[in-house]
Every structure is written in structure tokens, then in C-alpha cells.
Amino acid sequence: MSGYQRITYDPQFKPVRNIYEDRLRQFISKGGDYADLNLPRFYDKERISLDQKHVNVSWYQVPFEEGSNPVSPDKRPSWSSVIEGERKGKLEFKKAHIGQPFGPSWSTTWFKVELRVPSKWVHSGEQLIFEWNCNNEGVVIDPDTLLPATAFSGGERKEYLLPKSNSGEYCFFIEAGNNGMFGCGDGSDINPPDNNRFFHLDSADLVWPDKEARALYIDFWMLGDAARELPDDTWQKQRARQVANEVMDMFDYRDRASVKKCREFLKEAYFDQFLDSPEVYYKGDSQQITSVYSIGNCHIDTAWLWPFAETKRKIVRSWASQCTLMDEYPEYQFAASQAQQFKWLLKYHPDFFNKVLIPKVQQSQFIPVGGSWVENDTNIPCGESLARQFLYGQRFYLRHFGCKSDIFWLPDTFGYSSQVPQICQLSGIDKFVTQKLSWNNINSFPHSTFNWAGLDGSQLLTHMPPGNTYTADSHFGDVLRTAKQNKTSEAYPSGLMMYGKGDGGGGPTREMLEKMRRIRSMSNKNGNVIPKLNVGKSVDDFYADILAKTDNGCKLPTWEGELYFEFHRGTYTTHAELKKLMRFSEIAIHDLEWLATKASVLFPKHCKYPINEINELWEDVLLCQFHDVLPGTCIEMVYKYEAVPMLKEVLKKCALLQAEVLKALNKVGTTDNNTYITTLPWAYPELTLQNTRGHEARIGEDKDSYVLSNSKLQVTICKETGVIVSVLDVLTNAEYIDIKNGRNKAGANQFVLFDDKPLSWQAWDTELYSVNQYKNVTNVKNIKVKSNDAKCCSIEVVFSISDDCEVTTEISLNAVSAESRELSRVDITTNVTNWNLRNQFLKVEFPVNVRSEYASYETQFGVTRRPTHYNTSWDVAKFEVCCHKFADYSDFSKGVSILNDSKYGFSTHGNLMRLSLLRSSKAPDAHADMGSHTIKYAIYPHRNGLSAKTVRSAHDFNLAHRYKVPMAVATKFDHLLSISGDENVILSNIKRGEDDKALNSEYSLKPREETSIIVRVYESLGGEAHATLKLNLPLHKVLKVDNLESKVLVPLEVSKEGLVPIHLRPFEIATYKFIF
Ligand SMILES: [Zn+2]
């Protein structure tokens, strides 16, 4: 009672909370009425702006002719060539001034910066800063070592912490790309670029900062956030506001020394003593659960609103900054994915890679993660492509970093195929991090930490950061959200915060690392209402913690099947040409590997397996599978100058390499007759005059219709509408087309134009409402018999879509043989000429006489079933889905498969199947899909449910390229490797072993003196299967191996005759290595 006063003479009021909270912003705000009466007045001790005396800047513009190719190498000359050129006086560097514009978009400007620091500053011994803001992206280069020091991007990244120098003199270069972090979008980032944008030099300042004042800025910012964002019912919130107000009362704008006093007070009042040191993460209550683990990252889209050419520079800028931060912040860990990006870095900046980055990897500060070649789309690439993403990605990591990644890092792709878990598991990966499903625009995904089980039951330990972003700014709110939005905290209480500027690269900033120290310090002092945040544990540590606390994942919920993304459904269709080139490239490499493997093993003297050439082709294919490139969501220049030419080149090179193999084979068996072979694992049904007798194609005609028929099918085409009104099985009398019911009563091969105006994200999205806003294409300009012979009959129909856009579709029916009769199908080739519409989505419909709750869509190495109804909002969300070579809709007694040669968008609802053909989005590529297109597809009606016949027909439809070889070669090829047994087992790909010493593969890890063939097999329909592989060469051994061809899963028995019995689980992907 001693100090308590008996009578009050100085009554106190209770502060009004909202007023005292609002007041806090004044203290650190650089704007407003009182900046100079608050902390900002002390941020700098002194500052000198560009004066050409202390700060001397000159510039050189790399020539850029208007309209020229923006990605040609001369636009981005090497660092050494420019610095050398400047030294020799060959390049003209002119004086720069504040406000000066640099450009145009996509060009390069070089700056030479010379600094003369006042001696008083130098003698202070304090850290000095060069502050640069030209609003474009730049990197600081040391002219002596040619190593990058840090990067600028305007806004959040404009400081270069000058190394200590006794002379106070500095000279360095800045290479600036004239684009923003998010390209040069006109008006909005995701609009087509403004190709004539200029970037203005806002500041080139030499700064002597006040370290204490800047530290107080961070202290107070975090304290203010705690006051604003903590829950009302916590004393920590009320106390934070109170303490912050006391700091403001204590501060004296006339006295710089008051800054220190404020900080001393804060260390007692709300922070611990370690608020700006790495030790903070070892303090606090060790019994308390870490709520938030954090990992630095910078998502660098390998192309998006900028080309690959610019990404190569984004990588060095982003990663150089991060390596510099690592020196300052020992606790800091940074994860980077995509082997392709490391490979580019190694190629263009080997010294930085070897001297700077590798030591950081060895210190476990820079952590390569992901294991895939790029952060790929997982909807569209074929199974073999997904397998190769990891084969090359992991082997690159193993070769250059000595270890592979065990986490698939894919925060930003547009849906996740149900085969990802199995392919990851086969590639040494059992963990997965992603977050894109937080963008779902219909249903909220229910888990944060869970087991994701794929088509075959393989599972990945999966975490979706509860903060719903991979570009957190490490704000107090980011940390709080990560802790509070955890959807599975009953099973596992912690969340991962992926922080750092991203999408266009960048990564964490100094400010973020400081903020996190403060947040941890506040938690140490005030308890876990302020989430306990950890910096300095790796992603591996985080997943190890999950396993430890969940009985190795057993206590976590499980999600089975694909992680369908309820958004960006237009990406199955946008940029048709690239998608078609992708399908064709995948097939061309498949065939090349098939031919070259067999040829090099059978005739090693004549044929060398071109492994490095093939691997380079794969690298390009895999690169184009990046999650903005293949989905069709990049700006025009990426397609025009990079991805499309790249895949065309892949096709050309494949054809050349195939021709070389065939040429060599022709030398082997010159005396023989030639014959044709295919790369299909079964005999392709050859039709001859003899075996088609009685099964010929015919064409009939009456007043209203044409009728195509063979011994199996009768196809009726209405003359007035040009669509198929009946597909009849003449053997069973089953009708496959339904024009009596449902919304399409016109018939099959009916073209329909849908209005396609999504809420935003034009290239990405097609929206639910578009499904009911459509018009049938009915304007028949011409209909005629196109061909009419015993082998093939066809009808051609021309529709007019607009004045100058036409659709020409040829419906044909072939002769069959008695054996191939069950495979009879209606083939359709559609040419769209001068597609020039705006926001219209062209699809083709097939009303079918089938009723089932689900349809089946081919996916990588299997099929995914999806609902054909709209029972729940989860079903509604799947109004447009992804398919590969076929979609099938079957009931118990019959079904219809729609095969295609280059399409990926599909829907099946009620009695209607619908293949998506072409979109016409206008952003970010204003000309996406404009022009002419050829699309092939087929209607394959069949008895009973989905079977191996559909799988095989889809292969036949896509892969039946014929190669001419001598008869003796054909026989040897046939006998070399064959498969028999259950029809649902598909021999998918063959290649040579990556470690065969004689091949000298760039991806070899342990070269072995052996000749080997890698054989990929999968079970295609979801049932246990038995088959037998036969290799007709003396075998040394056969191993079942992982997808990396390095780990032996199990050795197999081989019979004396070379037979290898195999057994596959439903949807299993199996890889065998035949060694001889
Ligand atoms: Zn991305």
C-alpha cells in the first residue's frame, strides 16, 4: 500500500482504443502531414543525389530496332562483352540524369556508376548504401570479377549495401532490362504488353543511413501490426497498442538520441533482447509448438509476361540478391526449383554458379528443391513427359549438387494429375508442396496437411501453406494467417509460410528477414498468441516434424485422386498450335527412341544411339511444359519467337534423327524387300483388298441424307444440317447417337460457339455461365461427297462462321477386315480457316445414346473418372475437364469413345459429349489462336464398357506412323522386344539406359560397361494384370527399376527363352531395365 495515494489529484482516462490505434500509423509513415515530425526524419544521416561528382552515372543503350525480334541474343549481350567494350572505349556511355527515360520495352540499358564517398562518411565506419530506382529490373556487376552483387527492381528492391572501402571510391555496372518485374502489360499486368514503354530514373543516391532509426521503423511496424491484427480478446493486442503509444510519446523529433531510448524501452516492454539478431530463434519457451515454419523462395515463372530470354536474367538477378542476403542473415534459408533454371545459370554465369551458389548449397542456405525440369503443367503433358520431368530434373541435381530432391515443389500450376503421386514416388520423391487450390472459385479445399493418394494408391505427404500464397511478404498478418487458417490443425498444428517476392522472381528482402526476427521476438516475450515463427529450419525439417507428430502421416486425412483445380479451365484449350506441337513432339521423340534403341542394340556397328541429341530434344519439350507456356497463358512473344519455333525445331530434328536411323537400317538389309513398321506394341491392322472383301466402305444417298457404311457401322449425315444423325451398329442394331433427347437434338459433329467472357484472366478461364450461352453453327455453305472408294468414303461439309471464317469438316468411314471390324470408327478431320473471333469458344458436340454417372478421360498412363451430373458443387466445378487421347462415355452395354489427335478440353454431361476445339482470348496474348487450324478426332462406338480397345484405338489414332525398313530388319525389330498377356497392359516407351557407358550421356551418373534397354509399361484401365515381356537377345539380367533408372526395386526372373513374366497393380507404371 506504501506508494498508493489516498486522494486523487490527477485523474486518468482510459484511452479510446480506435483513436490510439489509428494514431500509430503517423509514427513511421513517409507520407501524410507529419513525416518530418516523426521517425522518418531520422532514416538518413545524410544523402547525396546524382550530382556527377559524388555520384556519377553514365549509360549505354544496347541497339534495339523497332519491330525486331525482342529475344535475339544481340538484345542481351554478355556482361563481359559490354564491360570489355566500355574499357576499350568502343561503346558510347553518356551522362545520365534524374527523370531520364530508358527503353523501349524489352531492350537493355547499361549503366556505369562511379561513387566518391565523402571522407566523413567513410570514417564513420558505418554501412553505406547506394539507392537506385529506375523502375526496371537491374543487376549490379563487379567489373573486375564479373560477379553479380545484388539486384534492383524499383519499389521493394532498390538498395545496394556498399562493401567497405577505405578509399571511398566505387565503380560498378548495372545491367538493366527494360521491363518491370511483371513485364510490360499495357494498363494491367495481364494485358498484352505495351512494346513502347520507357522506364524513368527516379533515384541514384548515395546514402548514409541511420541504422538505429531504420531498426526502430521495423520494431514499430511489427508492434503496430500486433496492435491492429491480434484478436480483440487478447491482452497482447491491448498491450501492443499501449506500448506503441508510449513509444510515440517518448520520441522527440528534435533529438536523434531519442530513437535509441525508444528502442531500449521496446526491448523491455514488448520484445526480448534478441529482436534484431539470429539468436532470437533459439530463445523463448522451448516447450511451445512452432506455429509457423518459414522458407524463403522466389517463384520465377520460366516464361509468362516475359520471354525465356528475360528469365535467364531474372534468375541471376534474383539468386544473386539471395546469396548476398545469406551473408548478412545466417539463419536465412532459400529454396529454388527447376533444374532448367540452374542449367541456364551454369551456362551463362558459370563463375557465379560455382564460386557463389555452390558454397551456399553446401552450407544448406541455398536449397535446390522440386526435382522436376521445370515447374510443369501436370494436366496436358503425356505420362512419359511427366516421367522425364523428374528423370532429367533429379539427374541434373544429382550431378551438380550431389543429392536429389525429395519434395515436389509446385506451388503454382493449374491442377494436379492423379498420376503425380506415383510418378513422384518412382522418382525418389514422397513430399509435395503446393497452394494453387486456394484459388478455387467454387469449393474450398478442406485440408492443409494431408496424404494425397493418386490413381494407383501411391501417396505423397502434402502441405498447402495455410497463408494461401507462395509470395508472402512476411508481414505480421502473413504469419498470423499461416497459424490461424490451418485447416487440419487437429492432426498437425503447424504451417509453412513461403515468403519472398515472386512470379517475376525477386525473392525475400532484407526487410522481410528483419520483420521475422521481430515477430519471433514478440512471441518469445508475450507467448504464442503471437505465433511462434521459425526461420532457419529447412523444408525437410518441416516435413520431418509433420511425420514425427502424425505417426508418419498415418493420422493425416487422405485425398484420393486428382487435385482438380476449380479455375483456369480454359488452359486445356488456349493456344491450340502449341498443344498440338506438344502432342506431336512427344510422339516424334517416342518414335525416335523406339527406332534408335532397337537399331543401336541390333546393329551397333551401323547405328549409334544419339542419346545427347535426344536428351536435348527432351529438354526443349519439357521446358515448353512450363505452367504458363503449355497452358497458353504467356504473352505473344513467347509463342511467336520461342516456344512454337522450339517445338517445330524438335519435330524437324526428330525427323532428321529418325531418317539417319532408317538410312543406316537400309544399309543393313539392302537385299531385302522393304516393308512398313510402326512403333505400336501390337500389330497395326493392315487392310488389303483380300481381307476387306465383304467389308468395304460404301456411300448411299437419299433426298435427305448421305449414308456411309461398312460391315459394322452405318453413319447417316443430314444433308440440310451437315451433322451426323445416326451411328448404327449393323450387327447388333445398337444406335449410338441420341437426337431425341437432351439439349442437342441436331446430331453429332455439331459445331457450337459459346460466349466466352470470363470474369478476368481471359487466356486462363472459361466460366460456368458460358456453358449456357451458345449458338449452334448451322450455316451450311456446301455439302458433298469427298471420296468414294472401297477403302474409304467421306462427306465434306463447309460451314460459315463469319464473313471470312469457315469450318470444313470431312466425315469418313473406312473399310474394315473381319478381325478389325470391332475397331471400326468414324474419322473426322476439321479445318478451321481464318479463325478470327473475339471471346468465342468453339466446341464440337456428340449427343450419345449412353447414360452413366461418370465418364472416363485418358490421363497420364491411365484414366480419370469424372461425374456427368451436377449433384454437388464439387461436381458442378468439373464442367470442363482435361482429357488426353480419348474421352469415353459408357454404360453397361455400350459406349462411345471420342478420340483426338491434339485436344485436351472436354466435358460430358447428361447425354452430351463435347470436345473443346478453339478459344479466342485476347489477354495476355491479343492474337492467341487466330489463324487456321486442322483438328482430327474420331467417334469410336463400342459394345460393353470402356476396354483396352479404346486405349488401343487412341494409340492407333495418334501413333500409327509408318516407317519403311528392309523386311529382315522388320522381323528382327518385331522379335527383339515384345509383350503378350492381358490387353490392359501397354508397352509405352523404350529407350537406352542413361548410364550405358558407351553412350556417354550428359545425364549419366554411374557409367557402366553394359548395354541396356529401359522399357516403360503401364496398366491402363485400373485392374490387376499379368503379361510377359520377351527380349530376343542373350540377357544378362532384368531389373525392375525406379523412374530415375538408378534404384533397383526388384530383380526379375528370366526364363531360358528370354521370357520375363510381369505383374502390375491397377494403374501401375513399371520400368524395366534389360541388361545384356
Ligand atoms: Zn507461376
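What spacing do the donors of the zinc ion follow along the chain? In this predicted model, the donors follow the pattern H-x1-D-x110-D-x214-H, and H299 together with D412 links distant parts of the chain, 113 residues apart. H299 belongs to the loop between β13 (292-297) and α8 (308-328), whereas D412 belongs to the loop between β16 (407-409) and α12 (420-425).

The coordinating atoms themselves are NE2 of H299, OD of D301, OD of D412 and NE2 of H627, placed at 1.9 to 2.2 Å from the zinc ion. The arrangement of these four donors is irregular because the angles they subtend run from 86 to 164°, and a tetrahedral assignment would require all angles to lie between 85 and 135 degrees. Two of the coordinating residues can also be described by their accessibility: H299 counts as buried because its relative accessibility is 3%, and D412 is likewise buried, with a relative accessible area of 5%.

Another acidic residue to follow is E384, which lies in helix α11, spanning residues 383-401. E384 is buried, at a relative accessible area of 3%, and its side chain makes a polar contact of 2.7 Å with the side chain of R388. Leaving aside residues up to four places away in sequence, E384 touches W618, F861, N989 and R1016.

The aromatic residues come next, and a search of the whole structure finds 56 aromatic pairs. One of them is formed by F432 and W452, whose ring centres are 5.3 Å apart and whose planes meet at 35°, so the pair is classed as tilted. Because F432 lies in strand β17 (residues 431-433) and W452 in strand β18 (residues 449-453), the pair ties together parts that are 20 residues apart in sequence. F432 is buried, with 0% relative accessibility, and W452 is buried as well, at 0%.

The rings of W761 and W764, by contrast, have their planes at 80° with centres 4.8 Å apart, and the pair is therefore edge-to-face. W761 is partly exposed, having a relative accessible area of 21%, whereas W764 counts as buried at 2% relative accessibility. Both tryptophans belong to one aromatic cluster, which is formed by F182, W304, W306, F414, W439, F565, F567, W761 and W764.

W439, a member of that cluster, also has a charged neighbour, since the charged end of K436 sits over the W439 ring at 3.5 Å from its centre. Elsewhere, K843 lies over the face of F841, 4.5 Å from the ring centre.

Conventions. Residues are numbered from 1 along each chain as its sequence is written. This is a predicted model: local features need pLDDT of at least 70, side-chain atom pairs count only at pLDDT 80 or more; totals for chains, interfaces and linings use all residues. Side-chain values use heavy atoms; hydrogens and water are left out. Donors are N, O and S atoms within 2.8 Å of the metal (3.2 Å for Na, K and Ca); water is not among the atoms, so sites may look incomplete. Four donors count as tetrahedral if all angles lie between 85 and 135 degrees; four count as square planar and six as octahedral if opposite donors are over 155 degrees apart and all others between 65 and 115; anything else is irregular. Helices (H or I, at least four residues) and strands (E, at least two) are DSSP runs, numbered from the N terminus. Buried means under 20% relative accessible area, exposed over 50%, partly exposed in between (1.4 Å probe, protein chains only). A polar contact is a pair of N or O atoms within 3.5 Å; within protein, one must be able to donate a hydrogen and the other to accept it, and residues adjacent in sequence count only if both atoms are side-chain atoms. Contact means heavy atoms within 4.5 Å. Rings of Phe, Tyr and Trp (its six-membered ring) pair if their centres lie within 6.5 Å; planes under 30 degrees apart count as stacked, over 60 as edge-to-face and the rest as tilted. A charge sits over a ring if NZ of Lys or CZ of Arg is within 6 Å of the ring centre and within 35 degrees of the ring normal.
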